[in-house]
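Good morning, and thank you for joining. I would ask you to look at the model on the screen before I go through its side-chain pairs, two loop residues and a pocket.

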Amino acid sequence: MEDFPSNKKVIDYCIANGLITDWFLFAPQCLRIVPPLIISEEEIRAACRIILAGLDRLV
């Protein structure tokens, strides 16, 4: 993201929609994505939809 406030908006949106994510302590403008070791393709697609919707809200 451009800055931490923008990143925080996306993170808050993701969490509100069931996707747990966070930022990096050393790079607060970066979104951290840490999927579980076992994840289905549909779960990946669902997570991507949530992230993209959060990013669309920044525009």
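Let me begin with helix H2, and with one pair in particular: the side chains of Arg45 and Glu41 form a salt bridge, with an N to O distance of 2.7 Å. I should say at once that this is a predicted model. Both residues belong to helix H2, which covers residues 41-56, and they sit four residues apart, about one turn of the helix. As for solvent, Arg45 is partly exposed at 46% relative accessibility, whereas Glu41, at 51%, counts as exposed. The cut-off for exposed is over 50%, so Glu41 falls in that class.

A further salt bridge joins the side chains of Glu42 and Arg49, at 2.8 Å from N to O. Here Glu42 is partly exposed, with 48% relative accessibility, and Arg49 is partly exposed as well, with 47%.

How many salt bridges does the structure hold? There are four. Another of them links the side chains of Asp12 and Lys8, with N and O 2.6 Å apart. Why are these two residues about one helical turn apart? Because they are four residues apart in helix H1, residues 4-16. Asp12 has a relative accessible area of 38% and is partly exposed; Lys8, at 28%, is also partly exposed.

I turn now to the loop between H1 and strand E1, the strand being residues 22-24; Thr21 is located in that loop. Is Thr21 buried or exposed? At 10% relative accessibility, Thr21 is buried. A polar atom of its side chain lies 2.3 Å from the backbone oxygen of Arg32. Setting aside residues up to four places away in sequence, Thr21 touches Ile11, Cys14 and Ile15, together with Leu31, Arg32 and Ile33.

The loop between H1 and E1 also contains Leu19. Leu19 is buried, with a relative accessibility of 17%. Which residues does Leu19 contact, leaving aside neighbours within four places in sequence? They are Cys14, Ala47, Ile50 and Ile51. In addition, the C-alpha atoms of Leu19 and Arg49 are 10 Å apart, although their positions lie 30 residues apart along the chain when counted as a separation in sequence.

Leu19 brings me to the largest pocket. Its volume is about 380 Å³. The lining of this pocket comprises 17 residues, and those nearest its centre are Leu19, Ile20, Ile33, Val34 and Pro35. Ile33 is thus one of the residues nearest the centre of the pocket and also one of those that Thr21 touches. Which element supplies the largest share of the lining? That element is H2, with seven residues. By residue class, the lining divides into 13 nonpolar, three charged and one polar.

Finally, a word on the segment after H2, where Val59 is found. Val59 is exposed, with a relative accessible area of 90%. The C-alpha atoms of Val59 and Asp12 are separated by 16 Å, the two residues being 47 apart along the chain.

To recapitulate, I have described three of the four salt bridges, the buried loop residues Thr21 and Leu19, and a pocket lined by 17 residues. I am glad to take your comments.

How values were computed. Residues are numbered from 1 along each chain as its sequence is written. This is a predicted model: local features need pLDDT of at least 70, side-chain atom pairs count only at pLDDT 80 or more; totals for chains, interfaces and linings use all residues. Side-chain values use heavy atoms; hydrogens and water are left out. Buried means under 20% relative accessible area, exposed over 50%, partly exposed in between (1.4 Å probe, protein chains only). A polar contact is a pair of N or O atoms within 3.5 Å; within protein, one must be able to donate a hydrogen and the other to accept it, and residues adjacent in sequence count only if both atoms are side-chain atoms. Contact means heavy atoms within 4.5 Å. On a 1 Å grid over the protein atoms alone, a cavity is a set of points where a 1.4 Å probe fits but cannot get out, and a pocket is an open set with protein on both sides within 12 Å along at least five of seven lines; lining residues have an atom within 4 Å of a point. Grid points are joined across faces, edges and corners, and a volume is the space filled by probe spheres set on the points. Ala, Val, Leu, Ile, Met, Phe, Trp, Tyr, Cys and Pro count as nonpolar, Asp, Glu, Lys and Arg as charged, and the others, Gly among them, as polar.
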